[in-house]
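Me: I'm new to reading protein models, and I'd like a close look at one part of this one. Could you pick a helix, show me how it sits among its neighbours, and then follow the contacts around it?

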Amino acid sequence: VKTLSELLAHPGLKDRMEKVLPKHLTADRMLRTLMNAALKTPKLMQVDPMSMLGAAMTLGYLGLEPNTPLQMVHLIPFDVNKWNPGTRTREYVRTDVNLIIGYQGYIDLIARGGKVRDLDCQVVWKGDLIEHEHGTNRHFKHVEKHAPRADGQEPEYAYMHARTHDGGEYVEVMSRADIHHVRN
């Protein structure tokens, strides 16, 4: 298999995917979704077939569809370059694919896991009330003030609050600076 088109048309791929896909997805649907992703992002057609095979199998195990309007998973092509000490330049080797799970994908995985009863992900804007305390008196509270927002204004915080079926409660709060640091 030398090209992505050959990989996606290979009968063995469909059989392998059928074995790993969860009940809510079929191999035909996943292969169509992969082909649509490549049509929408032409650089994906240049991806090394083995890199795409790895991404396809991971998508199969996770049961997530890439590059759809649901934005659960994104397939991002990137060039692999290697340093050539003789020419003192980076030289193109191949194009690989990064599989980036979006927050919607994580929420879907959490919901299918069956352990989480309730999940709430929100942002906190300037003027909102937020209280978050760890320790023996732990609690979390967010009250939206619905104040007008200026164009380009960013949230101050983002948080995730989850309750499990066994009574556990988890809160993760991140400041805007923390979010930008992780993103970078």
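**A close look at α3**

Reply: Reading from the N terminus, the elements of this predicted chain come in the order α-α-α-α-β-β-α-β-β-β-β-β-α. The radius of gyration is 21 Å, well over the 16 Å that the globule rule gives for 184 residues, so the chain is more spread out than a compact globule. In total there are six helices and seven strands. Measured out along its principal axes, the C-alpha trace spans about 60 × 50 × 35 Å. Of the 184 residues, 28% count as buried. As for contacts with a separation of 6 or more, 54% of them join residues 24 or more positions apart.

Now for the helix: let's take α3, which covers residues 27-40. How far should its 14 residues span at 1.5 Å a residue? The expected figure is 20 Å, and the end C-alpha atoms of α3 are 20 Å apart, so the two agree.

Next, which residues of α3 are buried? They are Ala27, Met30, Leu31, Thr33, Leu34, Ala37 and Ala38. Those residues cover an arc of only 160° around the axis, so they sit on the same side of α3. Turn to the face pointing away from that buried side and you'll find the exposed residues Arg32, Leu39 and Lys40. As for what lies over the buried residues of α3, the cover includes α1, α2, α4 and β1.

One of those covering elements, α2, can be read in just this way. Its buried residues are Leu13, Met17 and Val20. They cover an arc of only 60° around the axis, which means they are on the same side of α2. The face of α2 turned away from its buried side has the exposed residues Pro11 and Lys19. The cover over the buried residues of α2 includes α1, α3 and α4, and the cover over those of α3 includes α2.

So where do these buried residues end up? The largest nonpolar core has 27 residues, and the members that touch the most others are Leu13, Met17, Met30, Leu34, Leu44, Met52 and Leu75. The elements giving two or more residues to this core are α1 (4-9), α2 (11-20), α3 (27-40), α4 (49-62) and β1 (73-84). You can recognise Leu13 and Met17 from the buried side of α2, and Met30 and Leu34 from that of α3. Zoom in on Met17: leaving out residues up to four places away in sequence, it touches Ala27, Met30, Leu31, Ala56 and Met57. Ala27, Met30 and Leu31 are among the buried residues of α3.

Let's go on to the loop between α4 and β1, where Glu65 is found. Is Glu65 buried or exposed? Its relative accessible area is 13%, under the 20% cut-off, so Glu65 counts as buried. Its side chain makes a polar contact of 2.6 Å with the side chain of Arg29, and another of 3.2 Å with the side chain of Thr33. Thr33 is on the list of buried α3 residues too. Setting aside neighbours within four places in sequence, Glu65 is in contact with Leu25, Arg29, Thr33, Met72 and Val73.

Asn67 is in the loop between α4 and β1 as well. With 17% relative accessibility, Asn67 counts as buried. What does Asn67 touch beyond its neighbours within four places in sequence? Its contacts are Ala37, Lys40, Thr41, Leu44, Val73, His74 and Leu75. Take Ala37 from that list: Asn67 and Ala37 are 30 residues apart in sequence, yet 5.6 Å apart in space, C-alpha to C-alpha. Then there's Leu75, whose backbone nitrogen lies 2.6 Å from a polar atom of the Asn67 side chain. Leu44 and Leu75 both turned up earlier, among the core members that touch the most others.

To finish, here are two loop residues to set beside that buried pair. Arg88 is in the loop between β1 and β2 (89-101), and its relative accessible area of 62% makes it exposed. Its phi is near 55°, a positive value in a residue other than glycine. His146 is in the loop between β5 (139-143) and β6 (157-164). At 61% relative accessibility, His146 counts as exposed. His146 also has a positive phi, about 55°, although it is not a glycine.

Technical notes:
Residues numbered from 1 in each chain as written. Predicted model: local features only at pLDDT ≥ 70, side-chain atom pairs only at ≥ 80, totals over all residues. Heavy atoms only, no water. Core = buried A, V, L, I, M, F, W, Y, C linked by side-chain atoms within 4.5 Å. Buried < 20%, exposed > 50% of the residue type's maximum accessible area, 1.4 Å probe, protein only. Helix = DSSP H or I, 4+ residues; strand = E, 2+ residues; numbered from the N terminus. Contact = heavy atoms within 4.5 Å. Polar contact = N/O pair within 3.5 Å; in protein donor to acceptor, adjacent residues only side chain to side chain. Expected span 1.5 Å × (residues − 1). Arc of directions from axis to C-beta. Rg over C-alpha atoms; globule rule 2.2 N^0.38 Å.
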